[in-house]
Amino acid sequence: HLQPRALNLRPGLQVPLAPAVVTGALFPVAAYLGGGEALLYSVLAAVIVVVLWRMAGPREGMLPSIMAAVFTMSWVPFMLALAVVLFRGEDGPARVFTIVVMAIGNDTWGYLAGVLWGKHPMAPRISPKKTWEGFAGSMVGSVAVGILCAVLLLHDPWWHGAVLAVLLVIASTVGDLSESMVKREVGIKDMSHILPGHGGVMDRLDSVVFAVAIGYVVFAALS
């Protein structure tokens, strides 16, 4: 049997690297050239490629492998491709900049509030260091930044920025917890060693990719 190269996350769970990496890398290209419709077509094509590729390998663990590949492509490449779609639209650069600044601010305000006042963990089994006090700090700081961006940068009503901030904080927090949960599920400590001491690149991107996704939806709804 043809044995496709795969990433072994744990016994019985493999991600076929070649189709997952190549097709995922094409998502932002499709989004830039053809917008949202082209992105959806590229996702459909990617799933078909992964299924066909995996069918060439052993039958054992086929379904979990396919699902792991689809999850891998959807988590970062697809969500970041949404930023490209947003960038192509009206006030696109300003909107993307607003989302990124607010996602970074969410981490910063949450960290400061957590260090100064954090006592009550949100999800001690998943991420012991993430506290409700840190979440509150993220919310207050992000709402302030969101209102400023809405009024001064996007020239939208102030409450647009407040709504965006609240939803982005929730999405970013879910992203942080999801990334921690995935690491524990697959039995790894760091997503990579590119940024030593930071848990890998994904510890810097997890909140951003979720924020981009929810920001895309919010801007579409408020437009």
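This report looks at the confidence of a predicted model and then at its helices H2, H3 and H4.

## How far to trust it

Since this is a predicted model, the confidence numbers come first. Mean pLDDT for the chain is 82, with 83% of residues at 70 or more. The high end is helix H4, residues 132-153, which averages 93, while the low end is strand S1, residues 6-10, with a mean of 53.

There's also a stretch to treat with care: residues 190-202 have pLDDT below 50. In the model, that stretch still has 24 contacts beyond its near neighbours in sequence.

## Helix H2 and its bend

H2 covers residues 62-88, which makes 27 residues. At 1.5 Å a residue the helix should span 39 Å, and its end C-alpha atoms sit 37 Å apart, so the two values agree. H2 isn't straight, though: there's a bend of about 35° at Ser-74, with Pro-77 following within four residues.

Val-84 is another H2 residue to click on. Its C-alpha is 8.6 Å from that of Val-29, although the two are 55 residues apart in sequence. Setting aside neighbours within four places in sequence, Val-84 has contacts with Pro-28, Ala-31 and Tyr-32.

## Where H2 meets H3

Next up is H3, residues 92-117, whose axis comes within 6 Å of the H2 axis, with a crossing angle of roughly 140°. Angles over 145 degrees would count as roughly antiparallel, so this pair is classed as oblique instead. The crossing of H2 and H3 is right-handed.

On the H2 side, the contact uses Ala-83, Leu-86 and Phe-87. H3 answers with Gly-92, Pro-93, Arg-95, Val-96 and Ile-99.

## Where H3 meets H4

H3 also packs against H4, here at about 150° with the axes 7 Å apart. That angle makes the two helices roughly antiparallel, because the label applies over 145 degrees. The H3 and H4 crossing is right-handed.

Quite a list of residues takes part. From H3, they include Ala-94, Phe-97, Val-101, Met-102, Trp-109 and Trp-117, along with glycines such as Gly-105, Gly-110 and Gly-114. H4 brings glycines too, among them Gly-134, Gly-137, Gly-141 and Gly-146. Other H4 residues in this contact include Glu-133, Ser-138, Ser-142, Val-145, Cys-149 and Leu-153.

Technical notes:
Residues are numbered from 1 along each chain as its sequence is written. This is a predicted model: local features need pLDDT of at least 70, side-chain atom pairs count only at pLDDT 80 or more; totals for chains, interfaces and linings use all residues. Side-chain values use heavy atoms; hydrogens and water are left out. The expected span of a helix is 1.5 Å times one less than its number of residues. The bend at a residue is the angle between axes fitted to the seven residues ending there and the seven starting there. pLDDT is the predictor's confidence in each residue, from 0 to 100. Contact means heavy atoms within 4.5 Å. Axes are lines fitted to C-alpha atoms, for helices over the stretch in contact, and angles run from 0 to 180 degrees between N-to-C directions. Angles under 35 degrees count as roughly parallel, over 145 as roughly antiparallel, 65 to 115 as roughly perpendicular and the rest as oblique. A crossing is left-handed if the near helix is turned anticlockwise from the far one by less than a right angle, and right-handed if clockwise.
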